[in-house]
Amino acid sequence: PKALVLVGGYGTRLRPLTLTVPKPIIDFGNKPMICHQIEALKEAGCDEVVLAINYRPQVMMDFLKEWEEKLGIKITCSQEPEPMGTAGPLALARHILEDGHGTPFFVLNSDVICEYPLKEMLEVHRASGAEATILVTKVEDPSKYGVVVTTPDGRVDRFVEKPRVFVGDRINAGIYCLNPSVLDRIQPRPTSIEKEVFPAIAADGRLHTMNLEGYWMDVGQPKDYLTGLGLHLACVRNRRPQELAAGEGVRGDVIIDDTAVIGQNCLIGPNVSIGKLCVIGDGVRLSNCVLLHRVTVKNYARVSDSIVGWGSSVGSWARVDNKAVIGEDVVIRDEIYMNGAIVLPHKEIKESVLDPGTII
Ligand code: GDD
Ligand code: MG
């Protein structure tokens, strides 16, 4: 089968990181977000994935060339002249998604993380005779998502995107298996699959669901990204524990790239990812945080509940916490306290930030 990943959007909720690279190629668990999905698609037998892009396509494609070879799957790019929403891009890529044999194809939102049960989904989809099958999961606050109300046999009765009143807590996980006939319902103009296409298929009684087992998270904003990392690492602990760091000074689930250098007497974890070529000094304390590539954390500094961008450095005895997001190439001087600060790229921080806010 073929697949399309919705990669568009400016990723504003992950700024300042998305000022440097498009959201899907930001590392999650030390691997670009979108590569988790492409790997799962390959695993499910897909031979080609189309990235629906409307923003900085060249950056994405240059980056993915390397992965195309590594993963052995064809990756093509479908660029929109203007943002086409979540349905328009399907119409635009119709010639690729339709193989002439009526084979169903996958559509994925690029910012969702889970175990991607795609093979099983394809079987469930074929067995039910549905026109479209969507993966669903339960969440505590459904108002940020698309809510589905189903009949006892798993058919979708109603699909309500971002409901203002409570209609249920089972939500669209952003992963679909669609028959090519769905393409007949979509015009090549800006349209929403959630608001226009799914309600129409549901009205015909041909929209089905499959329950997702295990964890799920939309990691499109910093707080959810950090929560999602914890869930992801717990899953890695279960499935492939050898990928996690072990040894003295490591607490709970931690992933450290082989090229990172760690000093003496550090205490690291739980829920930490340390990216390529990071340099961590002595006596450093890291918990619930992400260090992207080439981050330096000097002696006795402490980073918690925060994300530090590429090439940035945290000074000795400095402290970064409370959901701070530090952009690319930021220098935080020694002994500085960053309380929940959002820092744009290329800054030098010489004074503590005591109240959460944005530093431009
Ligand atoms: N190519 C392209 N063009 N992609 C787009 C566009 C566009 O104009 N607009 C959004 N996307 C992509 C985003 O990059 C993301 O991968 C996906 O479409 C969904 O957009 P979001 O902006 O992240 O939507 P959301 O998170 O508020 O809601 C969606 O996801 C929820 C699950 O996380 C909906 O599908 C909800 O129903 C769902 O519950
Ligand atoms: Mg999203």
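This note goes through two strand arrangements and one annotated region of a predicted model.

1. Strand 4, which covers residues 105-109, is a useful place to begin: 4 of its 5 residues are buried, a residue counting as buried if 20 or more other C-beta atoms lie within 10 Å of its own. Strand 4 is therefore largely enclosed by the rest of the structure.

2. Strand 4 has a parallel partner in strand 1, residues 2-6, and the two are joined over 4 bridges. Within this pairing, L4 stands opposite V107 of strand 4.

3. Strand 4 also pairs with strand 9, residues 170-178, here in the antiparallel sense and through 4 bridges. In this case L108 of strand 4 is the residue that stands opposite I175 in strand 9. As general background, the strands of a sheet pair through backbone hydrogen bonds, in either a parallel or an antiparallel manner.

4. Turning to the annotated region, UniProt lists residues 251-359, in an unreviewed entry, as "domain: Mannose-1-phosphate guanyltransferase C-terminal". Over residues 251-359 the chain is 44% strand and 0% helix, and the C-alpha atoms at the two ends are 32 Å apart.

5. An open sheet is formed by 6 strands, taken in the order 13-16-18-20-23-26, with parallel pairing. Its edges are strand 13 (261-262) and strand 26 (348-349), each of which pairs on one side only.

6. At one of these edges, strand 26 runs parallel to strand 23, residues 331-332, and 2 bridges join them. Across this pairing I332 stands opposite I349, which belongs to strand 26.

Note on methods: Residues are numbered from 1 along each chain as its sequence is written. Chains are lettered from A and ligands numbered from 1 in the order in which they are written. This is a predicted model: local features need pLDDT of at least 70, side-chain atom pairs count only at pLDDT 80 or more; totals for chains, interfaces and linings use all residues. Two strands pair if DSSP finds at least two bridges between them. A residue is buried if 20 or more other C-beta atoms lie within 10 Å of its own, exposed if 12 or fewer, and partly exposed in between; C-beta atoms are placed from the backbone. UniProt positions are given in the numbering used here, feature names are shortened, and annotations may be inferred rather than shown by experiment.
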